[in-house]
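Okay, thanks for coming, everyone. I'll put the structure up on the screen, and then we can walk through a few spots together.

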Amino acid sequence: MTSNNSTTKKSHPMRFQQRDETILKTIQSFDGVLARRQIKVMFWRDASNQAMERRLSLLFHNDYLNWPNIEQRRTQPIPEPIVWLGWRGILHIAKQQMHFDASEPKNNSENQMRLLEAKLRKEDVYWQREPHWSQLAHDIATNDFRMQVEKAVSELPSITMEPWQTEGSFRRDMDIISYEYVNRKGQKERMKHGVRPDGFFTLVDHLRLINNQPAKARFLVEYDNSTHPLYRFGKYKALPGLNYIRSEAYKNRFGFNSGRWLVICKSKTRLKHLKSQTEYVLGNQASNFLFSIISELNYQTVLTSPVWHLGASNNRESLVKNVGSMPE
């Protein structure tokens with residue numbers, strides 16, 4: 001780690017507030033990093049940017065939050081202003097949620113930060129000391145999608161969502177599955193692959209629940225950055241993705257072998273190609289995949305509008321068809 005933000009900080013007395021704690025917990029629940037505009041929407045929607053910046057600055061100068069320093073801004077791909085948790089922020093969460101009793105670091109040195117990180121890891125508390133710079137834009141975009149889904153759910157009275165599971169939770173406890181791939185020569189290759197969705201969420205339809213009908217729909221998220229060759233998607237995403245849903249590992253984690261992948265693409269052309277690759281590899285079983293493009297997704301469309309292209313079909317679907325009718 002190369003964070004040197006502590007060298008620029010000065011004493012700024014503050015009174016820690018309940019909203020501050022909520023902000024810290026929210027950042028942690030989004031795998032430890034949020035864009036400032038995302039925090040603005042969540043906590044200062046009707047307030048000025050200045051009001052938000054004043055509070056974030058206090059949290060930063062008291063080590064509850066961190067943001068890129070001069071060297072990081074110069075050398076790392078940072079698409080927009082972001083924040084992540086400082087040492088006092090993660091320590092506060094650990095004490096509140098895990099009753100983790102540890103003394104504060106002696107100073108902000110790299111050695112002290114590593115010692116704290118190691119102590120937290122022993123208690124199963126994950127601290128993202130810095131963003132994953134190479135995939136930062138991807139992570140921010142995935143956060144946008146999650147926020148769209150959460151807002152959409154909040155406006156549907158009969159639908160709720162179980163806690164979102166982040167990519168980080170899969171990274172730290174990855175399921176490894178084995179599967180067969182038929183190459184272009186018609187030969188079978190035995191593959192072993194770790195599956196790491198960009199997110200996982202479960203929608204619960206309470207009207208169906210009351211009527212003792214299947215009431216849960218499970219979705220795995222794949223946010224495509226358009227950076228990988230198309231042929232790799234079928235071999236390393238679609239095929240292991242389908243086998244993962246059917247695997248014992250998936251059932252052990254989620255209790256059922258049901259779910260569908262949501263593939264989010266940057267363009268119609270990319271969508272067409274990924275859908276075609278998935279259908280080439282999976283045939284009719286490509287129906288376990290739904291594809292959409294970023295420009296068609298917002299909180300008003302993401303669940304209830306037919307913005308999802310169904311694999312192995314020319315149809316477009318919604319995730320929640322209507323009240324009391326949610327696809328499995």
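So, let's start with α5 and α6, which are roughly parallel to each other, because the angle between them is about 20° and anything under 35 degrees counts that way. Before I go on: this is a predicted model, so please hear everything I say with that in mind.

Back to the pair. Helix α5 covers residues 87–98, and its axis sits 12 Å from the axis of α6. The crossing of α5 past α6 is left-handed. Which residues of α5 and α6 meet? From α5 you get W87, I90, L91 and A94, and from α6 you get M113, L116 and L120. Sort the residues of that contact by type and you find 7 nonpolar, no polar and no charged.

While we're looking at α6, find E117, which is in that helix. Is E117 buried or exposed? E117 is buried, because its relative accessible area is 15% and the cut-off is under 20%. If you skip residues up to four places away in sequence, E117 touches W127 and R129.

Now follow the chain out of α6, which runs 110–122, into the loop that leads to α7, at 136–154. D124 is in that loop. Its phi is about 60°, a positive value, although D124 is not a glycine. As a reminder, most residues other than glycine have a negative phi. And D124 is exposed, because its relative accessible area is 72%.

Past the loop, we reach α7. How many residues of α7 are buried? The count is 14 of its 19, so this helix is mostly covered, going by the under 20% cut-off. Its length works out too: 19 residues at 1.5 Å a residue should span 27 Å, and the end C-alpha atoms of α7 are 27 Å apart.

Let's jump back towards the start of the chain, to α1. This helix has 12 residues and reaches 17 Å from its first C-alpha to its last, close to the 16 Å expected at 1.5 Å a residue. Its buried residues are D20, E21, I23, L24, T26 and I27. What do those buried residues pack against? They pack against β1, α2, α3 (49–61), β2 (65–66), β3 (82–85) and α5. So α5, from the pair we started with, turns up here as one of the partners, going by contacts within 4.5 Å.

Of those partners, let me pick out α2, residues 36–43. The axes of α1 and α2 come within 12 Å and cross at roughly 130°. That makes α1 oblique to α2. The crossing of α1 past α2 is right-handed. On the α1 side, the contact is made by R19, T22, I23, T26 and I27, and on the α2 side by I39, M42 and F43. By type, that contact has 5 nonpolar residues, 2 polar and 1 charged.

Just after α1 there's D31, with a positive phi of about 65°. D31 is in the loop between α1 (18–29) and β1 (33–35). Is D31 buried or exposed? D31 counts as buried, because its relative accessibility is 17% and the cut-off is under 20%. So that's another aspartate with a positive phi: D124 is exposed at 72%, whereas D31 is buried at 17%.

A quick stop at T75, in helix α4, residues 70–75. T75 counts as partly exposed, at 39% relative accessibility. From T75 to R36 it's 39 residues in sequence and 20 Å in space, C-alpha to C-alpha.

Last one: Y250, in helix α11, residues 248–254. Y250 is buried, with a relative accessible area of 0%. Which residues does Y250 contact, leaving aside its neighbours within four places in sequence? The list is F200, R218, L220, Y244, I245, G255, F256, N257, S258 and G259. And if you look for I176, its C-alpha atom is 10.0 Å from that of Y250, although the two are 74 residues apart along the chain.

That's my tour. Let's go to the discussion.

Note on methods. Residues numbered from 1 in each chain as written. Predicted model: local features only at pLDDT ≥ 70, side-chain atom pairs only at ≥ 80, totals over all residues. Heavy atoms only, no water. Helix = DSSP H or I, 4+ residues; strand = E, 2+ residues; numbered from the N terminus. Buried < 20%, exposed > 50% of the residue type's maximum accessible area, 1.4 Å probe, protein only. Axes fitted to C-alpha atoms, helices over the stretch in contact; angles between N-to-C directions. Parallel < 35°, antiparallel > 145°, perpendicular 65-115°, else oblique. Left-handed = near helix turned anticlockwise from the far one by under 90°. Nonpolar A, V, L, I, M, F, W, Y, C, P; charged D, E, K, R; others polar. Expected span 1.5 Å × (residues − 1).
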